[in-house]
Amino acid sequence: MTTRFYLCFAVCFTATVAMAQPQLVADFNPGTADGMTDSLGYEGVYLDDNRMILAVIDPDFGTELGILENGELSLLKDINPGDESSDPQYFVRYNGKVYFSVADDGQVLASLWSTDGTEEGTVKEYSLSGNAEPISNLVVTDGGALLFRRSSTLYATSDGENFEELLTNVPFFDVDGGGVGNAQYTKYQNGFAFFDNPTGSPHEVRLWYYESGNLEVLHTFEESFIDVFSTAYGLGVIDGGLVFAIDGDNSGTYVYEEGSGEITQVLSFPCDRFLRADGVDIVGFREGGFSGESVFYRFSTNPAEATVLFDEQPILSLLTSGTPFPHVGTNNKLVFLGQASMTGNANKALYMTDGTVTGTVKLGDLPLPGRNLQMLARGRYVFVVVHFSDISPVSIYVADTEAATVTELYQFPESTGPEGSILLTGFQDGKLYFNLSTDETVGRELYFLETGLVVAEESIEIPSVAFGLEFGDRQFVIKAEGMKPARVNAYDVQGRLLRSYDTHTNAWLPEVIHSGMVLYEVEVEGQRQTWKRIGLQ
């Protein structure tokens, strides 16, 4: 198979942002056929600052794994050889790689793969079979675990190679609420939290916490409390615990206090929506509709309460129809879409909160009516596509969360067609990438727009790992907390390699048989240490 590369055409950017025009990266799938997908996999995930992983399409290999590297788009690997697609999706960066779900050979219905950005380093990590449900909802916890689900079963790994089945028959309540079904568990402390209802009885609902291979029940709900618990939603992290809502006989918004383990009602009604984002504890709002203002809350424990962040305007009016609510988190702030006024099909506006009353502000109006199509965050910036109708122009805006402003980057001179005709893909080296289907002569392909914006490089931090080497009876072991991938190279004093071990921490290994000194170089998660040992005879 021949790998093809495509180079972005250069843009001379000497005037203002408004003068920049979208540029085609390349007609990746030559002719009128699509080279980019409009389903899961279209939004890229950064392997590092110069490489983005995404899905690409070609008649020779179907929908497969691609890479955008320094402006060059190419096929990274044909995972399902031939013209059958592997449909890579649910990308997430973990342990210096990107993990994702695929259907890889027509028989294994769901597999988890990883890539280091090279074809040979794109490998299968785990496979499941037995039903048509894909592996989905990949989440990385702050404690360094990767979790995912398939159907009603939760799985986790602490190193990306060894996997465990945690629980089955989990009901997976809608975490975000209001129709946003993009996750069924929430990151909490160094692990994650979720509800389970293993028998289907409403009298056996429990709130669980998982971290580093350990599961514990945080709270078991009393029978009188959970008669209609199947309508629970909104599980998310707050200051000192968790928050969720129940819609039914025990209708209300509740918090779990991690200190006491108590469940406390903080509102007598369930919030219509819950929003959560990087660096901002979960917040929610109650819709005022035609009767008045909407109220935007932040929740906390000790004391358990709901604090009003904003209630001066109907900023969220008429946005509770069950469709995903447009919001994104970046730079320790949450940016979300709202109404600019109560007038019918009014213009929209962008708002921002850092979780405080004074830090909840309106960034600016979006002159077009209609609704948001997509948001994409990178550093201090949030890029927004606003779509009004199939026959109206579409604009791309950028919100600056530090300057608290909104600016139009580009307005297409003609309609781009229905929703989904433009999908934001990523931001690299001052270029905003998106796939677009307006040019029928090339199909849906990847484009970029020079923005003139500079985003600080996002370095990948390698946490400090404490480990040591212990020797026993003709064996040695790398001692560390938890199981982590490790590599050991054994050298003689002249630097000649005697033996290599691909292993894990806390696993006993045979010593090298060698006369004289042996140097054991041990690498665990990017960190190296060396020990000396008199060789065995």
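**Close-ups of rings, charges and a sheet**

**View 1. Four rings, Tyr126, Phe148, Tyr155 and Phe163, make up one aromatic cluster.** The model is predicted, so local features need pLDDT of at least 70 and side-chain atom pairs count only at pLDDT 80 or more, while totals for chains, interfaces and linings use all residues. Residues are numbered from 1 along each chain as its sequence is written, and side-chain values use heavy atoms, with hydrogens and water left out. Rings of Phe, Tyr and Trp (its six-membered ring) pair if their centres lie within 6.5 Å; planes under 30 degrees apart are stacked, over 60 edge-to-face, and the rest tilted.

**View 2. Tyr126 and Phe163 are a stacked pair.** Searching the whole structure turns up 28 aromatic pairs. In this one, the centres are 4.5 Å apart, with 20 degrees between the planes. Tyr126 belongs to strand S10 (residues 122-128) and Phe163 to strand S14 (residues 163-167), so the pair ties together parts that are 37 residues apart in sequence. Strands (E, at least two residues) are DSSP runs, numbered from the N terminus. Are these rings buried or exposed? Tyr126, at 22% relative accessibility, is partly exposed, whereas Phe163, at 17%, is buried. Buried means under 20% relative accessible area, exposed over 50%, and partly exposed in between (1.4 Å probe, protein chains only).

**View 3. Tyr188 and Tyr209 meet edge-to-face.** Here you get 5.5 Å centre to centre and 85 degrees between the planes. Tyr188 sits in strand S15 (residues 186-188) and Tyr209 in strand S17 (residues 206-211), so this pair links parts that are 21 residues apart in sequence. Both Tyr188 and Tyr209 are buried.

**View 4. S15, S16, S17 and S18 line up in that order as an open, antiparallel sheet.** Two strands pair if DSSP finds at least two bridges between them. At the edges are S15 and strand S18 (214-220), each pairing on one side only. Neighbouring strands of the sheet are turned by 35 degrees against each other on average, direction ignored. S15 pairs with strand S16 (residues 191-196) in the antiparallel sense over three bridges. For Thr186, the bridge partner in S16 is Ala193.

**View 5. Arg378 lies over the face of Tyr46.** How far is Arg378 from the ring centre? The distance is 3.6 Å. A charge sits over a ring if NZ of Lys or CZ of Arg is within 6 Å of the ring centre and within 35 degrees of the ring normal.

**View 6. The charged end of Lys431 sits over the ring of Phe448.** Look for a distance of 5.6 Å from the centre of the Phe448 ring.

Conventions:
Helices (H or I, at least four residues) and strands (E, at least two) are DSSP runs, numbered from the N terminus. Axes are lines fitted to C-alpha atoms, for helices over the stretch in contact, and angles run from 0 to 180 degrees between N-to-C directions.
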